[in-house]
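Hi,

Here is the structure I said I would pass on. Have a look, and then read my notes below.

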Amino acid sequence: MSTEQDEDLRLLRESVSTLLERAGGVARARRVRDDGAGWDGAIWSDLAEAGVLGVTTPEETGGLGMGLPAAGVIAEEIGRVIAPEPVVPTVAMAIGLLHRLCPDASLLEDTIAGAAPLAVAWQERDARGVSDVIDCRLKDGVLTGSKDWVMGLADGAPLLVVAKSTDGLALVRVAGDAIGVTKQTARQSDGSVLTSISFAATPAEVLAEGAGVAPALADAVADATALTAAELVGVSGSALELTLDYIKTREQFDKPIGSFQVIQHRAVDMKIMQEVAQAAVREALAAMENAATPQARSRQASRAKARACVASQKITREAIQLHGAVGYTDEFDVGLLLNRALVLSAWLGDGAYHRRRWLELRDTEEVAQ
Amino acid sequence: MTDWNALSDAEFRTQIRSFFEAEYPEELRHLPHRPKFAEVEHWHVKLHAKGWVAPAWPAEFGGMGLEAAKLMIYYEEQQSYGVNRGRDMGIQMVGPLIIKYGTQEQKDYWLPRILSCEDIWCQGYSEPGAGSDLANLRTSAVIDGDDFVINGQKTWTTMAHDATHIFMLVRTDPDAPRKQQGISFILAKMDQPGVEVRTITTLAGETEFCEVFFDDARTLRANLVGEIDKGWSMAKALLSFERIFIGNPGLAQNALAQLETFAKGRGAFDDAVFRDRFATVALDVEDHAALYSRFADQLKRGETLGADVSMLKIWVTETYQRITELMIEVAGPDGGSLGPLQAGNVGVDVLASFYKARPSTIYGGSNEIQRNILSKAVLGL
């Protein structure tokens, strides 16, 4: 990577981090959680103004035209303060799909400009969990079927849906007040909400249809997966920092507990996990930019998520342990980080899921060679 | 003389690689043990003729004068082609020591002999009472006329039974207020009365390590390197490059390839549990390499490495061990059997790999010592 790019990334990191710190940092995440507001509309606009939502899209669409590593920088900073705004889902899924499939849609430009978060519904549930196939059907302009695990859907907001059509897959928009929509929400450990939706002859506006949708979806999901990994790196980085501060100041037996070797070695192991995760996720994002095949791209995404899930969960759990009893209280921020790590790890597949996927993709590539 | 640093990285890599491919003896690739000099002499002669024995030394002393970026490439190619480093203690340690701290006479006399391997060196650091706590060393060197008289014992001296000379840390001032003071660097001949070498048999059944006993052995005072009583800081300065090299991904990558071959031959990839464990260690290796490149890039930009580079050694050696442990699991009821185990149409010596991985968390500063260093120097605890 050239130094000029490094410098661009550094400036981007600084501006996003300043914006989020000024907004209130981790304390703001707690406030939003307690209010049950989901996220903060004013901060969403500020983020859009800073170029965050269009980081990967070309300048013609109002974007910054930077690559995935830049989006990764943003995701890390979002994770660091556990900002509740659905930045990664909107950037990677909604904007990612619109940009690939209908770059001229005004919806793309509006979303990048910060109109509102835009949720995408594509996953479906079967008896074992996430289904491999999309069953929700688009026929004669109406949708029928169910979607699950929709992240970042506000009450009464429109959303994008990927459905099966007569010609492969279709990307459609469903209005916020469309008829035939039943929603069920599940509150998650960090205060965010996942929505499951059923459509019964719900009118939908077709944005794209045909052979291009499936590969665009695969790429968008890979991006979302890797950027969620980057967000997790931010979360665990914060947990590590909090813990180091704590063990340097908390005294027992008339000494800071960080002077005890057993604590020191555990802290070192957290640090190593954090550095390996950060290096791996950043390398994976850079490799995805230049991936020769969609499989290679997905494999890097799975590599990133597998690592980030393991590291963030281990680090946040260790953080609780090293805080001792206060780590188990809701009052201390370290618990918020653990809760965020749980949610982000579960979304789009956990460590075990992505290790399995990584190995399958590796096998496929080996056969292809 | 070629200015290697003027070549592009890619061109340099190609030249190194083609030379190894053309000249390196096939039977010495990925050698599983440390060879005696006689075993690799024919290769050393070629390397010496090419002028490539000492990639890191400045050209004026007969080295290649490589800058950090090129040096990393040299070592990467050496490792990936399975080129044995030979008896390189003289090249890696003694040469740099003399170049940095030696007198003109010492440079003129010793450096050419190191390059030609006329002298083969071993390293006398550890002692029975000075392992992790190296500064606790007691082997003494007392001035007697033109000589030092040496008494004491060194241990874990790698390949001392195949060395002509030893470079050693000795105590020259037993009354210094701190144990790090009063330590000096001296060079001595192995073949003399008062030096006795005994090999140590390891768990792997090998005899690469030795104990060296000194009983009124002698060396000239002229063989003191640097200032007397100042050896400790010199020894620490010498380890700077060693610290990234010891954390390089090579050993773990080779072990992973071996695990994959063995597991394929035994059909282990049909088992979901094994698949997960394989993916775990494979990603441990791949992700370590990402962190390694970050440090290597730092070196390539000409920056010095901080204490945080120790993270590499901890991660890679522990991963390396887990890989070999997984091989034993794949072996199932053969897991206690010595020698190559059949897997498909190849034989894999599982226990040899397992044993080889064990000391990696002990040598070069045990992983516990590395954690102490990181805790203090990086985390500020």
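Start at A:L97, which touches A:V120, A:L160, A:L171, A:A216, A:L217 and A:A220, leaving out residues up to four places away in sequence. By contact I mean C-beta atoms, placed from the backbone, within 7 Å.

Before going on, the small print: this is a predicted model, where local features need pLDDT of at least 70, side-chain atom pairs count only at pLDDT 80 or more, and totals for chains, interfaces and linings use all residues. Residues are numbered from 1 along each chain as its sequence is written, with chains lettered from A and ligands numbered from 1 in the order in which they are written.

Now the domains. Chain A is split into domain 1 (3-117), domain 2 (120-210) and domain 3 (214-368), with bounds from an automatic or database domain assignment. The centres of domains 1 and 2 of chain A, over C-alpha atoms, are 23 Å apart. Their contact takes 15 residues from domain 1 and 14 residues from domain 2. On the domain 1 side, helix α5 (residues 87-101) of chain A gives the most, with six residues; helices here are DSSP runs of H or I, at least four residues, numbered from the N terminus.

And the chains? Chain A puts 24 residues into the contact with chain B, which supplies 21 residues. Helices α7 (213-249), α8 (261-289), α9 (294-323) and α11 (351-368) of chain A each supply at least two residues of the chain A side, and α8(A) gives the most, with 11 residues.

Cheers

Conventions: Two residues are in contact if their C-beta atoms, placed from the backbone, lie within 7 Å.
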